[in-house]
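Here are a few exercises to work through with the model open in your viewer. Try each task before you read its solution.

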Amino acid sequence: MTTRTTVPPVAAVGEPRLTAGFAEFGRLDLRAHEMVHGPISPMEPSNLLRLAEGIQLKGKGGAGFPFARKLRAVLESCERQDLPPVVVVNATEGEPASWKDKVLLTRAPHLILDGAALAAFALDAEEIVLCVADDMVGRDSLMEALDERRMPVPTSVVTVPHRFISGEGGALVNGINGLPHIPPGTKKRASDSGVGGLPTLLSNAETYAQVAVAARLGPYEYAALGTDDEPGTVLLSVTGAAKRHAVVECAAGTPLAEILELCEVPDGPGILMGGYHGKWTTREAAERAEVSRKGLAAVGGTLGAGIIVPLADDTCPLGEAAQVVRYLAGESAGQCGPCKRGLPDLARAVDLAVSGSAPVEVVRAAAGDVKGRGACSHPDGTSRFALSAMEVFAEDLKKHTTGEGCGRRVKGMMGLPGAPDPDPQKLVLDWSRCDGHGLCAHVVPDFIRLDQNGYPAFPPTPVPTWLREGAVKAVKVCPALALRLTQA
């Protein structure tokens, strides 16, 4: 894993709210926080519900679930079960291209704590749990903030492995409960049974910070910025080919072209919207888009967790996309068929299409095999990303299909971390030795398949940790000694 330590610069287009005071104070300690944002008062459940509904607040972690519905579900569950709730703040930000929550942790931690405290008071919660990644970015700042103030209920900080799936709601609850940090095998509602079996309100760091801003401003002043459908501001992480990587705050409805110009984004073949579970769009379409869920969807994109990753003209866009699909296949929890078998198949299909060895229909078929069938949203998000790349980069794909390729090397602009496996290994086949016995595919069918000629085929990705034992056995049973494991 690549440890992230440097938080990108922060910029604002228009009036800053979440990032107010950054220029003057850098990091806002409690005194600076109160000077910039002013006092805040506890709220009764009905008032907090009205506020969340009035500003139409949706979760900022990617799924966009209405915050008021989460609140109401927890309140009803507490009443039904006669149990106290737990408030969980998801500041893990396992998406490698996302930095907005890290910025809040390092520079505005008290906004996050204000929002969590408001929710805990309104719900009469038993405790608050703050979850941060083990890259430790922002953890010290959060701990300092906790030392500066008194929270309404016991509050703890839990460190979570910095993996793509660790921040998924079910995975987060599992980790807090002392279980492996992976999504549960069955879909469960945290509002019914979450941390310690108690009803749990779980949302991401920016969402709680937005609650804190709205509680001070009130619904009418809060809605002075943004659109009718999406009041308020948005935090965007802009990386990739941008000359100025930055976390940008802007009002919803701001032309995306302004953000691209501010971050000095060059012309390129495409821009990824929403992160690794998001969608690609062309630069031309991006120039017409507005920064909002509705505005980005209108040009085929998605807001997701507020991630914008543009590509430059001198990199192979399909190669960049293929690297991400391989990474996502390796990030699987490995506990359901669509992840264990489907995602390696999808990674293999994308690689074959990019190399010109298979038509795009192979990718569509592999994506269709996993869509809507996973224990969590990871297979759906990965298939959406892969299919979007095939569509937006269709002209490049034609060049690859001829075997000539696009003539550009893959520069690695997607912000991919190192492999999460501390000792990643991949299978290598010596074609001069392989006689097509097929024993390896019988030993580890989740990773090795036989092609139409009876020879082993497997993705060039590192062998997932849950299949490592099977891969070792496959190497041992190969009668021709044609298969071996090497460092990835």
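**Exercise 1. Work out how much area domain 1 and domain 2 bury between them, and describe their interface.**

Solution.
- Step 1. In this predicted model, domain 1 and domain 2 bury about 1200 Å² between them. Carbon and sulfur atoms account for 64% of that area.
- Step 2. Next, look at who takes part on the domain 1 side: helix α5 (residues 100-107) gives the largest share of the side that touches domain 2, with 3 residues.
- Step 3. Sort that side of domain 1 by class, and you get 6 nonpolar, 5 polar and 5 charged residues.
- Step 4. Now check the pairings across the interface. The rule finds 0 salt bridges between domain 1 and domain 2, while 4 residue pairs are in polar contact, both partners being at pLDDT 80 or more.

**Exercise 2. Place domain 1 and domain 2 along the chain and in space.**

Solution.
- Step 1. Start with the division of the chain: domain 1 covers 21-223, domain 2 covers 234-311, domain 3 covers 317-401 and domain 4 covers 425-487.
- Step 2. Count the residues in the contact: 16 come from domain 1 and 13 from domain 2.
- Step 3. Taken over C-alpha atoms, the centres of domain 1 and domain 2 lie 25 Å apart.

**Exercise 3. Is Gln210 buried or exposed, and which side chain does its own side chain meet in a polar contact?**

Solution.
- Step 1. Find Gln210 in helix α9, which spans residues 205-222.
- Step 2. The relative accessibility of Gln210 is 1%, and buried means under 20%, so Gln210 is buried.
- Step 3. The side chain of Gln210 makes a polar contact with the side chain of Tyr222, at 2.8 Å.
- Step 4. Widen the view to contacts. Setting aside residues up to four places away in sequence, Gln210 touches Leu18, Leu57, Lys60, Tyr222 and Thr233.

**Exercise 4. Where does Glu230 sit, and which backbone nitrogen does its side chain reach?**

Solution.
- Step 1. Glu230 belongs to the loop between α9 and β6 (233-238).
- Step 2. Glu230 has a relative accessibility of 8%; the cut-off for buried is under 20%, so Glu230 counts as buried.
- Step 3. Follow the side chain of Glu230 to the backbone nitrogen of Arg293, which it reaches at 3.1 Å.
- Step 4. Beyond its neighbours within four places in sequence, Glu230 is in contact with Lys60, Ala252, Ser292, Arg293 and Leu303.

**Exercise 5. Describe the surroundings of Leu296.**

Solution.
- Step 1. Leu296 is part of helix α12 (residues 293-297).
- Step 2. A relative accessible area of 1% makes Leu296 buried.
- Step 3. Compare sequence with space: Leu296 and Ala286 are 10 residues apart in sequence, and their C-alpha atoms are 7.9 Å apart.
- Step 4. Not counting residues up to four places away in sequence, the residues that Leu296 touches include Leu256, Met273, Ala289 and Glu290. Gly301, Thr302 and Leu303 are also among them.

**Exercise 6. Decide whether Gly170 is buried or exposed, then list its contacts.**

Solution.
- Step 1. Gly170 lies in helix α8, residues 169-176.
- Step 2. Its relative accessibility is 19%, and since buried means under 20%, Gly170 counts as buried.
- Step 3. Leaving out neighbours within four places in sequence, Gly170 is in contact with Ile182, Pro183 and Pro184.
- Step 4. Finally, try a distance along the chain: Gly170 and Pro456 are 286 residues apart, and 36 Å separate their C-alpha atoms.

Key
Residues are numbered from 1 along each chain as its sequence is written. This is a predicted model: local features need pLDDT of at least 70, side-chain atom pairs count only at pLDDT 80 or more; totals for chains, interfaces and linings use all residues. Side-chain values use heavy atoms; hydrogens and water are left out. Helices (H or I, at least four residues) and strands (E, at least two) are DSSP runs, numbered from the N terminus. Buried means under 20% relative accessible area, exposed over 50%, partly exposed in between (1.4 Å probe, protein chains only). A polar contact is a pair of N or O atoms within 3.5 Å; within protein, one must be able to donate a hydrogen and the other to accept it, and residues adjacent in sequence count only if both atoms are side-chain atoms. Contact means heavy atoms within 4.5 Å. Domain bounds come from an automatic or database domain assignment. Buried area is the accessible area (1.4 Å probe) that two parts lose on being put together, summed over both. A salt bridge is a side-chain nitrogen of Lys or Arg within 4 Å of a carboxyl oxygen of Asp or Glu. Ala, Val, Leu, Ile, Met, Phe, Trp, Tyr, Cys and Pro count as nonpolar, Asp, Glu, Lys and Arg as charged, and the others, Gly among them, as polar.
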